[in-house]
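Here is a short report on selected features of a predicted model. Helix packing comes up, then the chain contact, then backbone angles.

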Amino acid sequence: MTSLSQATYHPLHIGLTGLGGGILIATAIGLATSNRGPFPVSVITVGPFFVTSAYLVAGWVGWKRRPDSRIGLMLLIAGVLYAAENMAPIDWAPLFTISWLTGNFYENVVGHMLLAFPSGRLRNQGERLLVIAFYATGVAGSVIAQMFENPKSVAAILPRNLALITSAPHIGDAINLVTEIAAVPLTAAFVVVMVHHWRDAASTTRRALATVYWAGAVAGGLIVIRNVLDSLGTSFTSSMTWAWLYTVASIAVPIFFLLGLLRLQMTRAALGDLVIELGRDRDVQESLRDALARRLGDPTLQLSYQLPDGSWIDDAGEPIAPPHDVVGRMVRTLESDGARFAALTMDERLREVPEVVDAVAAVAGLAIANDRLRAEVRLQLAEVEASRRRIVGAADAARRKVERDLHDGAQQRLVSLALGLQLLQDHLAHAEDVEGEIQTLQGELRDALAELRELARGLHPTILTEEGLVAAIESLAERSNLPVTLSLSDEDRLPLTIEATAYFVVAEALTNVTKYAQASKISIEVSRNNGILAIHVTDDGVGGARIGAGSGLTGLLDRVAALGGSLRVDSPVEGGTRIHAKLPTT
Amino acid sequence: MSASESTRSGAIRVVVAEDSALFREGIARILEGVGFDVVAEVGDRDALVAAVTTHEPDVVVTDIRMPPTGTTEGLDAAMTIRETHPETGVMVLSQYVETRHAIRLIENDARGIGYLLKDRVADGKEFTEAVRRVATGGTAIDPEIVERLLGRNREEHELDRLSQREREILAGMAEGRSNQAIADRLFLSARTVETHVGSIFTRLGLEPTPDDHRRVLAVLAYLRSG
């Protein structure tokens, strides 16, 4: 992105600016010392200083701000030429001659700038021919025609024309006539090319172009009006009013060019926004294309990616032909370590602003590389999350299996045993001592059964599988030895893992409250909203509960996190405890 | 209440459904031991429904968890049998008892419904009497459920003002016992129980009802809501 770097001082620009300044100083000395003087201080004598300064300053600033554009340089050249034209007051013949020959040659440079804006380069052979023809009329009308004009024949006091071939005013007039006639089709061609440029311009360029065309209109208008007035033979072009008009308008021309360049500059400032915008989190590639398209002012912009196997896909992931230049479109490939990984296909007109395209391509490259990294991380994260969910699911399944095994195995066996004892007792109805023994055994069996039942239930309550979360929480509340207020949502079933996690959060919270909180009541709230299952368990106990080592809540935190949810404990000392859990239900 | 009063042809006819053969056999022997006529022993839901159609028993004793899915087949079969054979009592046994299941079983009609923990099978007379009660149109709700509902800690509640005796009588009603059965268990006269029942109903603001089975539902619903 060298085009974005700061400009360095270039001898050419320093030389031109110095030359222009030197000419102004020489002219000032000429004005002060000429034996044709004294010259009155008026817009006619002072105006050229301002116009020249305007060109030089505009050229200097323009070049500084847009070093990649030749417009700044051309403004400097035009400034020097304008200064040279106005060296007439100098008595020293060589400089006077230069002034005599220069004429309005700077106007040709202004015309060139109009066609070459904004890069300062012409776009095709036709434009180059047009500009050469334009310069030719300039050279003919200014330089060659003046070689047949003897200043001495205008006024004897004027210095000599060192380039005078022969004093033949009619030849000069003839050449001028020819150039003026040639100017008509040339001007028409200019207008056509400018209109063409306008139509072709990308929206970013168009605003800058509009400003510059104002400069063209002013400059062109001046020339036309001057020529018309001259051919009408009026003396208006010698009047003070015309001098004022001409000077102000002439100053406006370089300023408009500079403004045009600066407007392009602002387009580049907009790239800063693009970097910021692309730097923000974007979930879909789609918006990268949209962002690029908007910034480049090209809604047709296409973003395509090259896969490692060399094939190409568009930003929707559809396979496409490799991007290539076609009429009206240009392709900009994005590379990293010498390997192509993406391409931007855009409106060919964006060639006019190569530095903007460079910057956008660089930013897009960064964004895509960033997206790739993020996608990889997301993929890995998704794998880890999926594995965590599987682990939770597997743990649940294991608990269900153990519960089932207890139910079908130990519990069933014990019940059968109790039943056998009962039968035995019936048979031994008359053996008193045995009966007492059996009753003791039965009592122990009953206790064992009750304990086993609670154990199995704690592992996985069957009602959770059978009836769902709401029923299971109701059952929990029923078993609590504290008053429980319930606020439960609808009974739509959720995936088993989610129901189990929510259930264990409530169960663990209730256990904690019972064990530690010294609470007098509990409220349980379960609600579902926008794909989130929210659980709130609140007590009015002593508070000070924390998720930490040894707390059953730690294991739950992992469970909840594995399902992409969150678990929070608010438990100020003496302020009761609130446990909030949120679980995504999809 | 005795077997001779409630059946026309002597013994109460019963179908036992339980997937564990050992336990099934045990239940059958217990019931036969006190004079029941076990007409069929089956191991899954479909066989149970078929046996009921074939034998039209007085009562069915079924496990809640049976093949094919091992979830609530017994409960589902009970609901089906209620519809197709309203005269057949259903006793559902479970390793765990859930209030919700109890309510679901009796919410339309508590007549001839029982819901007990499996452990009760080893309680001798208690169990066989409960089956008998169900077979003759009565109700039997597991004491654990009633205990749990009664024992629930409530904020400022009418139940707290009941005397111990009144709570025992309320528990008896919730389990589906008749006034006479409650009186027998608590060694009171039926008359005394009746008086207590009247006063409990007034205290709790419940509609008095002469039917035992409707009384069960009312009391359970009350205990559950409070």
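α7(B) and α8(B) are oblique to each other, because their angle of about 135 degrees falls outside the ranges for parallel, perpendicular and antiparallel. Their axes lie 9 Å apart. The crossing is right-handed. From α7(B), the contact takes P143(B), V146(B) and L150(B). From α8(B), which covers residues 164-175, it takes R167(B), L170(B), A171(B), A174(B) and E175(B). By class, that contact holds six nonpolar and two charged residues, with no polar ones.

Chain A offers another helix pair. Here α3(A) and α4(A) are roughly perpendicular, since the angle between them is about 115 degrees and the range for that class is 65 to 115. Their axes are 7 Å apart. L81(A), A84(A) and E85(A) of α3(A) meet I98(A), S99(A) and T102(A) of α4(A). This contact has three nonpolar, two polar and one charged residues.

The two pairs are set out below.

| Helix pair | Angle | Axis distance |
|---|---|---|
| α7(B) and α8(B) | about 135 degrees | 9 Å |
| α3(A) and α4(A) | about 115 degrees | 7 Å |

α3(A) runs over residues 71-85. Its 15 residues should span 21 Å at 1.5 Å a residue, and the end C-alpha atoms are 21 Å apart, so the two values agree. The helix is largely enclosed by the rest of the structure, because 14 of its 15 residues are buried.

Now the contact between the chains. Chain A contributes 31 residues and chain B contributes 25 residues. On the chain B side, α2 (21-33), α5 (99-106) and α7 (143-151) each supply at least two residues. α2(B) gives the most, with six residues. The chain B side divides into seven nonpolar, nine polar and nine charged residues.

Two residues other than glycine have a positive phi. For E574(A), phi is about 65 degrees. E574(A) sits in the loop between β9 (566-570) and β10 (577-584) of chain A. It counts as exposed because it has 8 C-beta neighbours inside 10 Å, and the cut-off is 12 or fewer. For E56(B), phi is near 40 degrees. E56(B) lies in the loop between α3 (45-55) and β3 (59-63) of chain B. With 13 C-beta neighbours inside 10 Å, E56(B) is therefore partly exposed.

Methods
Residues are numbered from 1 along each chain as its sequence is written. Chains are lettered from A and ligands numbered from 1 in the order in which they are written. This is a predicted model: local features need pLDDT of at least 70, side-chain atom pairs count only at pLDDT 80 or more; totals for chains, interfaces and linings use all residues. Two residues are in contact if their C-beta atoms, placed from the backbone, lie within 7 Å. Helices (H or I, at least four residues) and strands (E, at least two) are DSSP runs, numbered from the N terminus. Ala, Val, Leu, Ile, Met, Phe, Trp, Tyr, Cys and Pro count as nonpolar, Asp, Glu, Lys and Arg as charged, and the others, Gly among them, as polar. Axes are lines fitted to C-alpha atoms, for helices over the stretch in contact, and angles run from 0 to 180 degrees between N-to-C directions. Angles under 35 degrees count as roughly parallel, over 145 as roughly antiparallel, 65 to 115 as roughly perpendicular and the rest as oblique. A crossing is left-handed if the near helix is turned anticlockwise from the far one by less than a right angle, and right-handed if clockwise. The expected span of a helix is 1.5 Å times one less than its number of residues. A residue is buried if 20 or more other C-beta atoms lie within 10 Å of its own, exposed if 12 or fewer, and partly exposed in between; C-beta atoms are placed from the backbone.
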